[in-house]
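Biologist: Could you take a close look with me at one part of this protein, the place where two of its domains meet? I am new to this, so please explain the terms as you go.

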Amino acid sequence: MAFKIGLLGLGTVGTGTARILQEPANRHPLLKEIEIYRVGVRSLTKPREVQLPPELMSTDLEGIVTDPAVDIVVEVIGGVEPARALMLKAIAHGKHIVTANKAVIARHGDEIFTAAEEAGVYVMLEAAVGGGIPVIAPLKQCLGVNVIDSIIGIVNGTTNYILTRMQTEGGEFTDILADAQQLGYAEADPTADIDGWDAADKIAILASLAFAGRIKLPDVHCEGIRQVSAVDIAYAQKLGFVIKLLAVAQQEKKAVVDTQDLEKGNFQSLQVRVHPTLVPQTHPLASVSGVYNAILVEGEPIGQVMFHGPGAGSGPTASAVVSDILNIAAVLKSAGEAKQLHPLLSCIHQHYCQIAPVSELVTRFYARFLTQDFPGVIGHLGTSFGKHKVSLESIVQTGYHENLAEIVVVTHDVREGNFRQALEEISALEAVDSIPSILRVL
Ligand code: HSE
């Protein structure tokens, strides 16, 4: 029995996928039973890096997802539409889906998984987060018996590349972004990466798996790296930190939920957020550099486990895509005529997780102030922080910036709402010119 693949898209990931499927030697023997049956592309004349029989190629993507002979539709065209509509149509026609499309899953996962469950088909998405890094299957299977406390990830290679270069070269964000674009490390329109949206899609998917409930994407607090400056990177370094764009899904431990809430996935204290963060230089995520991704999962009883590797690219992402195809083929082969979906591969969520507003987050902060250099300014800052229950871990005034004193503060753990109130009061002080940077600290 051969499993017939309808491959939608022959770009970077589609090419890598076709390459693995064309060269099954020395890989898992089941790959020999997987056949590229049809390939959907936008242009039949575009030169391709992979040779496929011309009769397999078509621009009729709808024809592929409705073809009765296709068993598994592999969607690697990216973007929200027409990918979403094609996936839904494929599901309605009884096809299993393998996708690398985090944007569709993060926004429309509910309708896609509901439709898949009704149709009795699998939707697999290992390639949607962390490229080649296995993290979806581990969360669903190997770590499935754990109570997850947190997932902290560097899940966007573009921003990690830019921040790493800012760190090592001391350059400013806009210059390094322009250079990264020229070198092909950043897209011509880098918005989704540098404003954190790509990471928000990915952490919404990971949080959904780890905390067993659907996540509404607008509930994910999202800040990108545009405001990170060379000055802050240098201060962070002096204080023993590096700045990383972290995607975090975390349950605040102090608001322990009862068993009934756990069953309903009703975590009032669940935080899902993306923002630049000061990471201690000794933390395992601090040394993840360049385009690499890493995902640190903490749970009970496993403790900490970190997945690290290539977060994008043709080969790595195709490795994840084909592993999903292989999983579906293996399960279909062993299930025979039985129609029951394998519970470790299908989606079991029905409800939405409650996401706590970021004002309830308890974290450390780093803030940089530009002030007049008068006696008593630091005292005023201290008074305002104290009034709002913000305890300071360190306060330094080392430099001047255009005749203004530069004061850098790191707090102990504080409630974000309290910290923001203190900042509002401080920014109204006559001696305070501006607060150019506010960053969270891991
Ligand atoms: N644009 C992503 C990144 C890769 O920069 O990591 C695809 O998810």
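Modeller: Happy to help; here is a walk through that interface.
This is a predicted model, in which local features need pLDDT of at least 70 and side-chain atom pairs count only at pLDDT 80 or more, while totals for chains, interfaces and linings use all residues. Residues are numbered from 1 along each chain as its sequence is written, and side-chain values use heavy atoms, leaving out hydrogens and water.

The protein has domain 1 (3-132 + 315-335), domain 2 (137-310) and domain 3 (359-441), with bounds from an automatic or database domain assignment. Let's look at domain 2 and domain 3, whose centres, taken over C-alpha atoms, lie 25 Å apart. Here 19 residues of domain 2 are in contact with 17 residues of domain 3 (heavy atoms within 4.5 Å).

Together the two domains bury about 1,600 Å², with 56% of it on carbon and sulfur atoms; buried area is the accessible area (1.4 Å probe) that two parts lose on being put together, summed over both. On the side of domain 2, Asp 232, Tyr 235 and Leu 278 lose the most area to domain 3, together 35% of what that side buries.

Asp 232 also forms a salt bridge with Arg 368, with the closest N and O atoms 2.8 Å apart. Two salt bridges are counted between these domains (a side-chain nitrogen of Lys or Arg within 4 Å of a carboxyl oxygen of Asp or Glu).
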